[in-house]
Amino acid sequence: MPIISGSVSFARFQVERSAKTRGQAKHVSRALSERGFEPLDPKSEDEQAAGFVSLRDRDRAELDADDISVGDSLAFAYRVDKLRVPSSAVKEELKRFARAFEAKNHRRPGRKEQAEEKLLIVRRLRGRAFLSTKTVDVAWNLVADEISIWATGRKLVEEVQGALEETLHLQLRAKTPAVRAAAEGEALGPTPALFGPEVAREVKRHG
Amino acid sequence: MAEKELIGADGAPVEAEAPDPELVDRERAVMALVGNQTYLGREFLSWLLWRSNDGGPICDVDGEGLKVLFVGPLSLRGVAEEATELNVKGHLCGYARVTRTALARGLLVHSAQLRIEHGEQHFEVGLDASYLDVRAAKVPALLAKEEDERVAERLWLADRVASFVDALFAAFMAVRRSRGWSQKTVPAMRRWFTELD
């Protein structure tokens with residue numbers, strides 16, 4: 001739970017509001033609750049469930065303004081549960097399949113045949129799957145109008161970014177050097193004396 | 001989609017030549033500079049390293065000077081002949097001659113761990129040139145006792161670190177877009193890169 005304790009690492013985004021964006025705690029908590037986390041149904045075929053939860057209680061998806069208000073900010077979390085079949089079990093079954101296939105067809109199974117069989121194996125072994133849970137904290141500083149997503153893996157950050165944009169009707173711009181320079185109206189190329197003139201030329205050409 | 005078969009002049013299939021690994025590496029290194037204008041992030045971190053060497057404040061925040069020291073491991077990237085990356089470890093390795101030599105050859109700072117001093121408070125933060133996200137930051141010990149207040153205080157300190165990064169980047173941009181950048185600052189940086197101890 002990084003906001004509450006542990007390593008302080010987060011990706012930063014500038015909020016770009018649309019006509020539909022509501023930044024007040026009661027509206028945000030309502031929107032988050034509508035996209036609240038629902039646990040995986042063991043009877044369904046789904047392998048992943050994702051949604052918003054309380055910062056302090058990862059099992060609570062019904063949020064109100066008090067749940068998410070922290071000083072000048074709003075803070076909550078995004079939870080992703082995935083069913084994972086142990087990869088060693090899948091590998092073992094795949095080897096068994098490959099041996100049987102070769103014995104019958106006098107050739108090894110192709111990539112497509114292996115991929116199709118892997119899907120069937122994963123479905124068959126669902127009963128042995130374990131649940132992996134990840135939660136990512138999110139904070140919206142309403143004064144700076146900046147959102148921080150407290151994760152380091154880019155794929156997960158982008159997943160949460162997408163969920164926030166859709167749920168809260170806003171655009172998030174990562175505060176990269178490019179975005180920061182563009183905000184100042186600057187179009188700066190690389191400095192040849194630092195990168196080497198040839199590299200600087202190539203970068204300019206691609207950029 | 002099946003790859004097109006190459007046919008030679010004699011009608012026989014020809015094996016496509018494997019691409020030169022050095023060229024592949026170089027192309028990859030150049031493209032890494034383009035995405036997110038990472039080159040600007042590397043210029044920022046390298047400028048900050050040079051500025052931090054004299055020990056004085058880089059800029060002011062809330063009327064108090066912001067000092068920076070590069071501590072811990074550093075990653076330098078770019079294109080320097082056959083080398084595209086150099087990782088250096090050691091407490092103040094940013095200031096070591098091996099690091100400065102790499103900088104002189106076009107391998108600029110891609111990621112680093114910084115100690116930031118603002119008045120009585122000390123912070124540490126990891127930065128990378130592509131995103132300038134806050135990584136593995138260390139903030140001062142919390143003063144609040146109640147959990148709700150501790151969460152608010154931690155968030156406030158995290159925002160504080162982020163605002164310091166913004167202030168440092170703004171200080172860099174003020175120099176970067178000035179005429180003095182190529183005429184004064186970059187030559188001074190290069191003199192420091194090539195300085196003998």
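A salt bridge is a side-chain nitrogen of Lys or Arg within 4 Å of a carboxyl oxygen of Asp or Glu. The exercises below apply this criterion to a predicted model.

**Exercise 1.** Determine which residue forms a salt bridge with Glu93(A), and where the two residues lie.

*Solution.* Step 1: the partner is Arg96(A), and the closest N and O atoms are 2.8 Å apart. Step 2: both residues belong to helix α3 (residues 87-105) of chain A. Step 3: Glu93(A) and Arg96(A) are three residues apart, about one turn of the helix. Step 4: Arg96(A) has a relative accessibility of 43% and is therefore classed as partly exposed.

**Exercise 2.** Classify each partner of the salt bridge between Asp67(A) and Arg60(A) as buried, partly exposed or exposed.

*Solution.* Step 1: the N to O distance between these side chains is 2.8 Å. Step 2: buried means under 20% relative accessible area; Asp67(A), at 13%, is therefore buried. Step 3: Arg60(A), with 32%, is partly exposed.

**Exercise 3.** Identify the salt-bridge partner of Asp166(B) and place the pair in its wider setting.

*Solution.* Step 1: Asp166(B) pairs with Arg180(A), with 2.8 Å between the closest N and O atoms. Step 2: Asp166(B) lies in helix α4 (residues 147-176) of chain B and Arg180(A) in helix α6 (residues 177-183) of chain A, so the pair joins two chains. Step 3: Asp166(B) is partly exposed at 22% relative accessible area, whereas Arg180(A) is buried at 10%. Step 4: salt bridges with shared partners link Arg12(A), Glu146(A), Lys175(A), Arg180(A) and Asp166(B) into one network.

**Exercise 4.** State how many salt bridges the criterion yields over all chains.

*Solution.* The count is 29.

Terms used:
Residues numbered from 1 in each chain as written. Chains lettered and ligands numbered in written order. Predicted model: local features only at pLDDT ≥ 70, side-chain atom pairs only at ≥ 80, totals over all residues. Heavy atoms only, no water. Buried < 20%, exposed > 50% of the residue type's maximum accessible area, 1.4 Å probe, protein only. Helix = DSSP H or I, 4+ residues; strand = E, 2+ residues; numbered from the N terminus.
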